Structures are given as C-alpha cells and as structure tokens.
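Q: I'm new to this structure and would like a close look at a single part of it. Could you walk me through that part step by step?

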Amino acid sequence: MKITFPHMGNVYIAIKGVLEDLNQEVILPPRCSKRTLEIGTKYSPESICLPLKINIGNYIESIEKGADTIIIVGSNGPCRFGLYSLLEKNILMDLGYNVDVISFDPPNGNYNLLFKNIEKITGTKNMYQVLKKVNIGKKILKDMDNLMDISNKKRAHAYEKYKVDNRMNSFYQSIEYVHGSNEILNLIDNTIKDISIIEENKEKDCLKVGIIGEIYTIIEPFVNLEIEKKLGHMGVEIEKSLTPYKWVEHHWGKGRLGIGEEVRKIKEAKPYLSTLVGGHGRETVGSAVLYAKKGFDGIIHILPLNCMPEIVAQTILPTVEKDYSVPILTLIVDEMTGEAGYNTRLEAYIDLLKKRREHANDKGILYGS
Ligand code: SF4
C-alpha cells in the first residue's frame, strides 16, 4: 500500500512521520505548483472553491508517483467542505483512477467504520499504539508552528533575509528524505538552531500584521503566494490566526474543555456575528478583534474566491476596522490571481501602515506622550 494525502501547509510532515513510524509507505505529493493547480482546475467543477482544485491536483500528481491509496478527510460542515470527500472520490472515479480512496468522515455513531479505516491505513489493530503515534504527530505540528514563528520573526529582523529563505528551502527539501518522527523532529530542531544564529537587528521595531481568513489559504504557501515570506522581506512581523496545531488544539485539546484561543475568538466575534456560518468565518471576525486589541499595526484577510463563510466575515470586517481604527486589507485568491497585482497591493498596504506608525510617533513627540 502506497499512501498519499493532499497538501495543507505543514500537515503532511506530521502524517508522514506517524505513518512511517507505523511502517507504512508514504508517497508525498510534489509541493503545490502551477502544474498542480492546472491539473486540479481542469478536472474540478469550475465554481468549486480553490482548495478542492488543488487537492485534486495533489492526488493526480501523487498517483503519477505511484500512490495507490488516498486518505481524504470528511466533514459535516455547513460550507462546501462537507462535500469535499464525496466530490473528490467521484472526480477520481470518473477519471478512471484505480486507487483506494479512504475517507475519514465524522463517525456519527458508526465507530466500526472509523476503526476499520484506521486499521487499514496504519496496519495495526492496536489503537493504543496508534494513539501514541498520533500524539507524536501533534508534537510535530507544534514544533513546526514554532519553526514557522521563529523563521518569520527572524526574516523580519535579519540583515540578510535570504539566509532564512535558504535554510527553510533546504529544510523542505530534506523533509522528503528523512524517515519517521525522530528524524523529522531532529531536522526541525537543527533548522531552528541554524536560523537562530542568523544575525539580526534586535533593536528594529518591526510592523506587526495579523493574518486572518480561511485556514487552507492561510497555511498553504502556494495558495497565498508565500505571503509570510513577502512580508518578512518587507521587514514585517506576522502572526497567523490559524495554524494546523491551533486547529488540533481546539478540536482535540483545550477547545474541548471550552477554553483556549479559538474559544476566545468566538467570544470576541459575538457582538458582530453570534452564529456559526461555516468554515472559520466567525473565528475570522474574532481574530480581527483580538489582533486589533493586541495593538497590531494591520490585519490581512485572505480568502479563496467564492468562499461562503469568509464572504460573510468580509462584510463584517469594515465595521471592526472602523470600531478599532485598524486598517484591514482583503486579498481574494483563485487560479486567476496574478502575482504582480498581489505584490503591488501588499506593498501599498505596508506603506500605509508605515505612514500611520510615523504619524502616530510624530504625534507622540509633539504631545510628549
Ligand atoms: S471554508 Fe471556504 S474555501 Fe474552505 S471549503 Fe468552505 S467554502 Fe470552500
């Protein structure tokens, strides 16, 4: 069995580690590229949202590399994600691919099917062993979030920013060749050490921008046109409202106890949006309020074209912008997004934030605050 799964930020690193620890063969989809998107766009319904198109491209590119089993995650979600697993299975079947598609749908009382699927993918009936490995997978996600934070901060402050890019590129190249969770965790540690010693200007007071929006768009660098790297090169520190580890913590950790950051976002969103609108639409509004309260210089909202929950959030964000006097930039991405126009909008926005900062500092000097 040669197992594959779609790309979603760094999630693939944790799944690879867990499955390899369980002696399964993993075929990683090539990193998302123009080709991935072209394939996905060709075979997906035109009006479906961008993540599904890229998923389809990932599956087909993995099948070309020899994958014969695909893991898909299902959902009951009120947005189109609820239909993803069904739609993706049908597309692959219609294209005549002879692959086993295993869908992990919410059990809705049918735990037998869930255990059967886990057993099939992991090759063991020992659920205790599987759980132990899943915990290691969580640790990989946490460490990856940490690495991303460290590299993003370093890029904003470093004298030679390309050194951070080079180290991260070599990390992503190496990850394909290491095997199992121990080697992965070691590689993450070594990368953090290497990045930490890159020289930086600690005195520099960088602009701080919060990135909010649809989770896939925030965490998949190909889809957001590497926004973290772009902002880092402009000397901007960023924080992402959603990451794979934050998601796991909310659904399988603190969130279950009714505490944690995601729960707070829902509370902060309440005066503007009190009901679930699917996806992370409500959390997007809450994140904007949180970043504004934390004194971030700006907020960037990214969403795929046609994303229903984020369109709801988009209509509310101008009110948050006004209430908290924080500039919010919205970037909508799809297969037609041109990088030049995207860069221009980002640059103009960062210029605006710099001017606002200067203006605020001048006022401070004038009035002695
Ligand atoms: S959150 Fe938006 S982009 Fe993601 S599946 Fe739902 S509608 Fe599509």
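Is Asn-306 buried, partly exposed or exposed, and what is its relative accessibility? Please also show me what surrounds that residue.

A: Happy to help! One thing to keep in mind is that this is a predicted model. Asn-306 counts as partly exposed, because its relative accessibility is 34% and the partly exposed class runs between under 20% for buried and over 50% for exposed.

Now for where that residue sits. Asn-306 belongs to the loop between β7 and α14. Its backbone deserves a look too: phi is positive there, about 75°, although Asn-306 is not a glycine. As background, most residues other than glycine have a negative phi.

Follow the chain along α14 and you can find another residue of this kind. Ser-325 is placed in the loop between α14 and β8. Phi of Ser-325 is near 50°, again a positive value in a residue other than glycine. With a relative accessible area of 49%, Ser-325 is partly exposed.

Let's turn to the strands that these loops lead from and to. Both β7 and β8 belong to an open sheet of 4 strands, whose order is β6-β5-β7-β8 and whose pairing is parallel. The edges are taken by β6 (236–240) and β8 (328–333); each has a single partner strand, so one side of each is left without a neighbour in the sheet. On average, neighbouring strands of this sheet are turned by 25° against each other, direction ignored.

Inside that order, take the pair formed by β5 and β7. Strand β5 (residues 207–213) runs parallel to strand β7 (residues 298–304), and 5 bridges join them. If you want a spot to look for on screen, find Ile-212, which stands opposite His-301 in β7.

Two helices pack on this sheet. Helix α13 (residues 281–293) touches β5, β6 and β7, and its direction makes about 170° with that of β5. Helix α14 (residues 308–324) packs on the sheet as well, touching β5, β7 and β8, with its direction at about 165° to that of β7.

These helices also pack against each other. The angle between α13 and α14 is about 20°, and their axes are 8 Å apart. Angles under 35 degrees count as roughly parallel, and α13 and α14 are therefore roughly parallel to each other. Their crossing is right-handed.

Which residues make this meeting? From α13 come Gly-281, Thr-284, Val-285, Ala-288, Val-289, Ala-292 and Lys-293, and they meet Pro-309, Glu-310, Ala-313, Ile-316, Leu-317, Val-320 and Tyr-324 in α14. Sorted by character, the residues of the contact of α13 with α14 are 10 nonpolar, 2 polar and 2 charged.

To put the picture together, start again at Asn-306, in the loop between β7 and α14. On one side of this loop is β7, joined to β5 by 5 bridges. On the other is α14, which packs on the sheet and meets α13 in a right-handed crossing. Beyond α14 comes the loop that holds Ser-325, and then β8, which stands at an edge of the sheet.

How values were computed: Residues are numbered from 1 along each chain as its sequence is written. This is a predicted model: local features need pLDDT of at least 70, side-chain atom pairs count only at pLDDT 80 or more; totals for chains, interfaces and linings use all residues. Side-chain values use heavy atoms; hydrogens and water are left out. Two strands pair if DSSP finds at least two bridges between them. Axes are lines fitted to C-alpha atoms, for helices over the stretch in contact, and angles run from 0 to 180 degrees between N-to-C directions. Contact means heavy atoms within 4.5 Å. Buried means under 20% relative accessible area, exposed over 50%, partly exposed in between (1.4 Å probe, protein chains only). Angles under 35 degrees count as roughly parallel, over 145 as roughly antiparallel, 65 to 115 as roughly perpendicular and the rest as oblique. A crossing is left-handed if the near helix is turned anticlockwise from the far one by less than a right angle, and right-handed if clockwise. Ala, Val, Leu, Ile, Met, Phe, Trp, Tyr, Cys and Pro count as nonpolar, Asp, Glu, Lys and Arg as charged, and the others, Gly among them, as polar.
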